[in-house]
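This report covers the surroundings of two ligands and one patch on the protein surface. The sequence and structure come first.

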Amino acid sequence: MHDTHRDGSPRRRQRRGRHAPLLLGAATLLCLAGGAARSDEPTAVAPVYAPKIAITVCGTCHGPDGNSTNPKFPRLAGQDPTYLAAQLKAFRSQVRGDPDAISYMWGMAAELSDETIDALAAYYAGQRAQPGAGGTSARISRGRDIYEHGVAAQGVPACSACHGSDAHGLQNFPRLAGQHAQYVLKQLASFQSNMRNVAIMHGVAQNLNLDDMDAVAAFLEVQP
Ligand code: HEC
Ligand code: HEC
């Protein structure tokens, strides 16, 4: 799916690697992964190393079990493994290129082999997602209405049609239940402006106003 919206712009390539602090994380990751993370090595070790990488490297932002507490860092626990693997590949190939993706994830994903990506995806998919808390009940009920019915007057489709009635997602449609509202809001704005360039979600978000984005994000955060 991602190959279709790769834009390969020179701007993106130039911006790679300008964030020095992350080089430390990337170096740690390479040490931990050792030969296991390289694509030319035997693959059987990836499932053994992946949880170590997840806990000691990725865990500093995403939480050791993927239930991050800082709303800037998305929750990964219980996320669909197909979606996780696709996103890690999109960071690695520099297709997913909004500023936070560039700053935080391009370096992290740069040296991951397909096998390590699959093993990391399996690790997070196997973790139990903890529901978030927050939002007022009026916001949440407005958000539920948008999630279940869309906003017909603005041509916004129901989110549940793709993300599932329980918001648990399936394959390329990510789980949204329990995700930090701040992260969801930011992604919706990124899809709208095409900074995160995905045609299907641009179509959904293009006519969604900020207030409705905020409401649907508040609803999603408290879903189990
Ligand atoms: C220094 C903090 C940091 C570290 C370390 C880090 N990440 Fe991230 N990660 C982020 C941020 C910030 C985002 C959101 C980027 C955006 O807004 O587009 C993100 C996004 C992601 C996503 C996309 C989630 C989604 O719902 O679309 C995945 C998957 C991911 N990271 C996996 C990992 C893995 C695996 C590692 C370890 C190899 C890792 N991250 C290490 C900060 C970090
Ligand atoms: C036609 C199907 C479809 C509909 C309808 C849809 N989505 Fe999506 N959504 C997707 C797909 C596919 C992705 C994964 C995009 C990618 O591969 O990067 C996605 C990704 C997302 C993400 C990013 C998740 C993450 O972890 O980074 C958010 C947030 C999101 N959708 C919210 C919504 C909301 C809110 C609605 C309703 C207003 C909605 N979606 C309706 C298909 C859909």
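## Polar contacts of ligand 2

A polar atom in the side chain of Tyr83 sits 3.0 Å from an oxygen atom of ligand 2. The model is a predicted one, and the distances here are computed from it. Arg196 also approaches an oxygen atom of ligand 2, with a side-chain N or O atom at 2.8 Å. The contact of His163 is with a nitrogen atom of ligand 2, and a polar side-chain atom of His163 lies 2.8 Å from that nitrogen.

## Shell around ligand 2

There are 24 residues around ligand 2, and those that come nearest are Cys159, Cys162, His163, Tyr183 and Met201. His163 thus appears both in this nearest group and among the polar contacts.

At least two residues of the shell are supplied by each of α4, α8 (160–163), α9 and α10 (199–205). The largest share comes from α9, which gives five residues. Sorted by class, the shell around ligand 2 holds 18 nonpolar, five polar and one charged residues.

## Polar contacts of ligand 1

Three side chains with polar contacts to ligand 1 are described here. Lys186 has a polar side-chain atom 2.7 Å from an oxygen atom of ligand 1. For Arg96, a side-chain N or O atom is 2.8 Å from an oxygen atom of the ligand. For Tyr183, the corresponding distance to an oxygen atom of ligand 1 is 3.1 Å. The elements that contribute two or more residues to the shell around ligand 1 are α2, α3, α4 (81–92), α5 (99–110) and α9 (181–193).

Tyr183 is in contact with ligand 1 and is also one of the residues that come nearest to ligand 2. Tyr83 has a counterpart role: its side chain contacts ligand 2, and Tyr83 is among the residues that come nearest to ligand 1.

## Shell around ligand 1

Ligand 1 has 27 residues around it, of which Cys58, Cys61, His62, Tyr83 and Met105 come nearest. By class, the shell around ligand 1 consists of 18 nonpolar, four polar and five charged residues.

## A nonpolar surface patch

Which residues make the nonpolar surface patch of about 230 Å²? Val45, Val48 and Tyr49 make it. Val45 is located in the loop between α2 (21–33) and α3 (46–62).

Val45 can belong to the patch because its relative accessible area is 35%, and patch residues need over 30%. With that value Val45 is classed as partly exposed.

How values were computed: Residues numbered from 1 in each chain as written. Chains lettered and ligands numbered in written order. Predicted model: local features only at pLDDT ≥ 70, side-chain atom pairs only at ≥ 80, totals over all residues. Heavy atoms only, no water. Patch = residues over 30% accessible without salt bridge, like charges linked within 9 Å, V, L, I, M, F, W, Y side chains within 5 Å. Areas by Shrake-Rupley, 256 points an atom, 1.4 Å probe, with all protein chains shown as cover. Salt bridge = Lys/Arg side-chain N within 4 Å of Asp/Glu carboxyl O. Helix = DSSP H or I, 4+ residues; strand = E, 2+ residues; numbered from the N terminus. Buried < 20%, exposed > 50% of the residue type's maximum accessible area, 1.4 Å probe, protein only. Near = heavy atom within 4 Å. Polar contact = N/O pair within 3.5 Å; in protein donor to acceptor, adjacent residues only side chain to side chain. Nonpolar A, V, L, I, M, F, W, Y, C, P; charged D, E, K, R; others polar.
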